[in-house]
Amino acid sequence: MPRTEPSREELEKRRIVGINKENVTDVTSTDFPGHYPGEDHAWDIEKFRDGLQIEFHQNDPLLASFSLIGVDASIANAFRRIMIADIPTLAVETVFINNNTSVIQDEVLSHRLGLIPFKGGREGLDNFLKWWKKPTDDDAVPNYFDYNTVKLSLNVECTHNEDAAPGEKDPTKLYHHAHVYAKDIVYEPIGRQTQYFSGENAIAPTNPDILIAKLRPGQVIDLSMHMHKGVGSDHAKFSPVATASYRLMPTIDILRPILGADAEKFAKCFPRGVIGLEKVTKNDAAKKGSGYEGHEGELKAVVKDAMRDTVSRECLRHDEFKDKVRLGRKRDHFIYQIESTGQWDSDAIFLESIAHLKEKARRLEQQVVNMVR
Amino acid sequence: MARSKAKQDASQSAGEDDIVMQEPPASHQPDLDETDASMAEGEGEEGVEGEFEDEFEEEEPQRVKLLPGSTPTAASFEFLNEGHTLGNALRYVIMKNPDVEFCAYAIPHPSEPKMNVRIQIWEAAGTTAIEALEKGLKDIQDLCDVVTDKFLVARKDFKE
């Protein structure tokens, strides 16, 4: 079988997942050796390097958005899954309740405390803090050390505010500590933690205004907490991301001209900014067979920004656009959206997920070598 | 008719020249602690269960094992504590290998932390399923390096 190379148009066509009124076509990737006779689809790192593109759309500490173009869904999904479930963060794991006379029960309060995201110095979180192993009965020494446990405490008592104006109804003014917030949690450094978590590197809630409980005069919450490192597969509180997701790049092909009032209706079928309206130019109208003949000056629909489309398929529901538009998605164009909870920077979470996948593969390679030995 | 006879043969005398296809689902296998008769043809592919400790790496129990019934060109592997994350990515890169006739992964039961990978090599390729698995794991590492490089460049460009 002679080696053949598919044409550019053919390759472009293969990238598209068809989105029709009732069904979705060409979902699976076909870029494997043996799928197309005579074509070579063997893994080639140089080809992969040439085909791979990354474009950033936004890069803030708490939200990163970028396009990863030229990878298979299995790889893109591995990164996404690792970001959610395998990147370690620090979260409250144990709560020691000394006194809790609030209306919120101990176990519910503990759960709420566990879900509060914390931030702290990167150097300390990455390199200094190590995994904590749950102590067993056999352990002679309990394994709580400065390098695996972070101690926090929360000690609030609600009291009457003597200075409150007479007739005041607002409980936050009438009482002290009527609301317990995440900012009331106090970090207590132990041992070498002072080197890593002091000043602006101190361990503190990312969002200081998270409401933990409401109290009334006489009620007390007095507890201390231990934080440990963990991963999202164990409990969602350890996940470094609020969301980490991707979607495929939408494509909109206008096959035949959509003009006048139809064009305006067409634009309304999409989110704002996706479809633009332009006047048919003299050149357009002069072109034979373009469908624009004799329509100079009328409005025509053009695709302005397909990325903003939500692929609602609304335009496929109307008969006037039948056979005039084709929707699709690019199979290898992933638009990632990563929202960090604050302990990591969003872009660092993605980098860490790549490193994690590599490390996983490296370890297993060693394991396979050991298996054969 | 012929099929039912073959089946009978297999169950009676483990089939002289029939290929025996009577493995129960992998997850029901007892732990492989002694050499399995059906793997005698693969050189040095005994089930290793924690016999070899890693000298240069931190001690990690053996998490990959060859399932019984495997031959050099057609093998099933069991990965402990791995899931779809690695399974699907690994399946993809192994399928990209032209020597591979078939590759698939499965998680036999969701409540067991096991992931199985099946690899079949073209007989004419002159390589083994284990080599294909190793190549797949290497390719993932190369891929990760490329993505990291491009990501860092893209992030730097975006900042400017």
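Here are a few numbered points to help you find your way around this predicted model.

1. Start with the layout of chain A. According to the domain assignment, domain 1 of chain A covers 89-238, while domain 2 covers 256-323. If you take the C-alpha centres of domain 1 and domain 2 of chain A, they lie 56 Å apart. Keep those two ranges in mind while you look at the next points.

2. Now look for the open sheet in chain A. Four strands make it up, and reading across you meet them in the order E5-E14-E7-E11, with antiparallel pairing. Why do E5 and E11 of chain A each have a side without a neighbour in the sheet? Strand E5 (89-100) and strand E11 (186-188) stand at the edges and each has a single partner strand, so one side of each is left free of a neighbour there. Going from one strand to the next, the twist averages 25°.

3. Zoom in on one pair from that sheet. E5(A) runs antiparallel to strand E14 (residues 220-230) of chain A, and the two are joined over ten bridges. For a spot to click on, try Val92(A), which stands opposite Met227(A) in E14(A). You'll also see a helix here: H4 (residues 106-114) of chain A lies across E5 and E14 of chain A, and its direction is at about 150° to E5(A).

4. Next, try helix H8 (residues 260-268) of chain A. Which of its residues are buried? They are Ala263(A), Phe266(A) and Ala267(A). These buried residues sit on the same side of H8(A), because they cover an arc of only 95° around the axis. The general idea is handy here: an α-helix has 3.6 residues a turn, so residues three or four places apart point the same way. Turn to the face of H8(A) that looks away from the buried side, and you find the exposed residues Ala261(A) and Lys268(A). As for what covers the buried residues of H8(A), strand E16 (275-279) and strand E17 (299-303) of chain A are included.

5. Finally, check where the chains meet. There, 43 residues of chain B are in contact with 40 residues of chain A. On the chain B side, the elements giving two or more residues are strand E1 (64-66), helix H2 (84-95) and helix H3 (129-159). Which of them gives the most? That is H3(B), with 19 residues. Sorted by class, the side of chain B that touches chain A has 21 nonpolar, eight polar and 14 charged residues.

Notes
Residues are numbered from 1 along each chain as its sequence is written. Chains are lettered from A and ligands numbered from 1 in the order in which they are written. This is a predicted model: local features need pLDDT of at least 70, side-chain atom pairs count only at pLDDT 80 or more; totals for chains, interfaces and linings use all residues. Two strands pair if DSSP finds at least two bridges between them. Axes are lines fitted to C-alpha atoms, for helices over the stretch in contact, and angles run from 0 to 180 degrees between N-to-C directions. Two residues are in contact if their C-beta atoms, placed from the backbone, lie within 7 Å. Ala, Val, Leu, Ile, Met, Phe, Trp, Tyr, Cys and Pro count as nonpolar, Asp, Glu, Lys and Arg as charged, and the others, Gly among them, as polar. A residue is buried if 20 or more other C-beta atoms lie within 10 Å of its own, exposed if 12 or fewer, and partly exposed in between; C-beta atoms are placed from the backbone. The arc is that of the directions from the helix axis to the C-beta atoms. Domain bounds come from an automatic or database domain assignment.
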